[in-house]
Amino acid sequence: MRNLLPVLSLLLIACGAAPPAAPIEPSAPEAGKRAAVHPPGCRGSGSAVAPPGSDEAARQRARAAARGPDRWGKGYRALQPPPGFHAVPVSKDVADGAADDEIETTPTPADLVAKFEYDDHEYISVVVQVFDHPAARPEGQSLFRHAAKSFDANGEDITDEMADDSFVNWFDRVAEFRDEKGRRIVEWAYIEKGCERAELYERFIEDGEHLWHVSMEVMPTAPEADLLLWMALFFDAPLGGPAPADRRGLTGKQTTR
């Protein structure tokens, strides 16, 4: 081909046409520019192709972000809202004149110590609440059973005759484990029934005299990477605790509740 180019160029010039361009070598600068027309991770007409192990990569990024020196092991009372969230004032006192019959008020739970809301996206609503309950010390009873009976909507349906395994299916995901300090931890997730889809993610950590209870309600479904980051920041970072290996969002799930 290279030997024919000079001959073709002479013939085309004689006919008044421009000579053909030389073939682009892969190492030529133009080749790099043409390859960049379709960004990495896309094929065909721009359809996204997820890189292998994207969920695990998102979990690793979330863990790395949560372990930052300004977040890791600082405690729940020092918890600062991550980007996109703002703190909602938690007041136990009723201001003067607030008893007006025309003003509807919702009592603040006595154990609520912090509340955060997400306002960085018009289509995603997130509410995070942090509770400080007295530590659970039920003899011969799992933390999962105590949390389900005390703080879950179906808790009143649990009887003494029921084994833990009989109501674990009320949840879309349940993890029960201990951290390196021996603290008992329970984390569960499920979809709340109602007019609009809402996903509820909750974590309980028994820490000395405290039973920390973190509730994150998401409506509608947020991106998986965002969910993993929020759970790492709200669930794991304050007490320096681990995350369950199967932590994930509930996209496409149908709850049994």
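Which helices each supply at least two residues of the lining of the largest cavity? In this predicted model, they are α3 (54-66) and α6 (224-236).

**The cavity**

Let's start with that enclosed space. Searching the whole structure for cavities of 30 Å³ or more turns up 1, and the largest cavity holds about 60 Å³ of space. Its lining is made up of R59, A62, R63, L228, A232, D236, A243, P244 and R247. Sorted by type, these lining residues comprise 5 nonpolar and 4 charged, with no polar ones.

**The nonpolar cores**

Helix α6 turns up again in the largest nonpolar core, which has 27 residues. Within this core, the residues with the most contacts are V126, Y201, M216, W230 and F234. Two or more residues come from each of β4 (112-118), β5 (125-134), β7, β8 (198-207), β9 and α6. The top contributor is α6, with 5 residues. Another core, of 15 residues, lies apart from this one and includes L143, W170, V186 and F204.

If you would like to look around F234, its contacts beyond four places in sequence are Y76, L79, P82, F85, F116, V128 and V214.

**Two buried strand residues**

Now for a pair of positions worth finding on your screen. Here is where they sit and how accessible they are:

| Residue | Strand | Relative accessible area |
|---|---|---|
| R184 | β7 (residues 184-192) | 17% |
| V218 | β9 (residues 210-219) | 0% |

Why does R184 count as buried? Its relative accessible area is 17%, and R184 is therefore buried because the cut-off is under 20%. The side chain of R184 has polar partners: it makes a polar contact with the side chain of E206 at 2.9 Å, and one of its polar atoms lies 3.4 Å from the backbone oxygen of Q141. Both E206 and Q141 also appear among the residues in contact with R184 beyond four places in sequence, a list that further holds A136, P138, S142, L143, F177, R178, F204 and I205.

V218 is buried too, at 0% relative accessibility. Setting aside residues up to four places away in sequence, V218 touches S125, V126, R197, A198, E199, Y201 and L227. Two of these, V126 and Y201, are among the residues with the most contacts inside the largest nonpolar core. Measuring from C-alpha to C-alpha, V218 and I191 are 9.5 Å apart in space, while 27 residues separate them in sequence.

Technical notes. Residues numbered from 1 in each chain as written. Predicted model: local features only at pLDDT ≥ 70, side-chain atom pairs only at ≥ 80, totals over all residues. Heavy atoms only, no water. Helix = DSSP H or I, 4+ residues; strand = E, 2+ residues; numbered from the N terminus. Buried < 20%, exposed > 50% of the residue type's maximum accessible area, 1.4 Å probe, protein only. Polar contact = N/O pair within 3.5 Å; in protein donor to acceptor, adjacent residues only side chain to side chain. Contact = heavy atoms within 4.5 Å. 1 Å grid on protein atoms, 1.4 Å probe; cavity = no way out; pocket = protein on both sides within 12 Å on 5 of 7 lines; lining within 4 Å. Points joined across faces, edges and corners; volume = space filled by probe spheres on them. Nonpolar A, V, L, I, M, F, W, Y, C, P; charged D, E, K, R; others polar. Core = buried A, V, L, I, M, F, W, Y, C linked by side-chain atoms within 4.5 Å.
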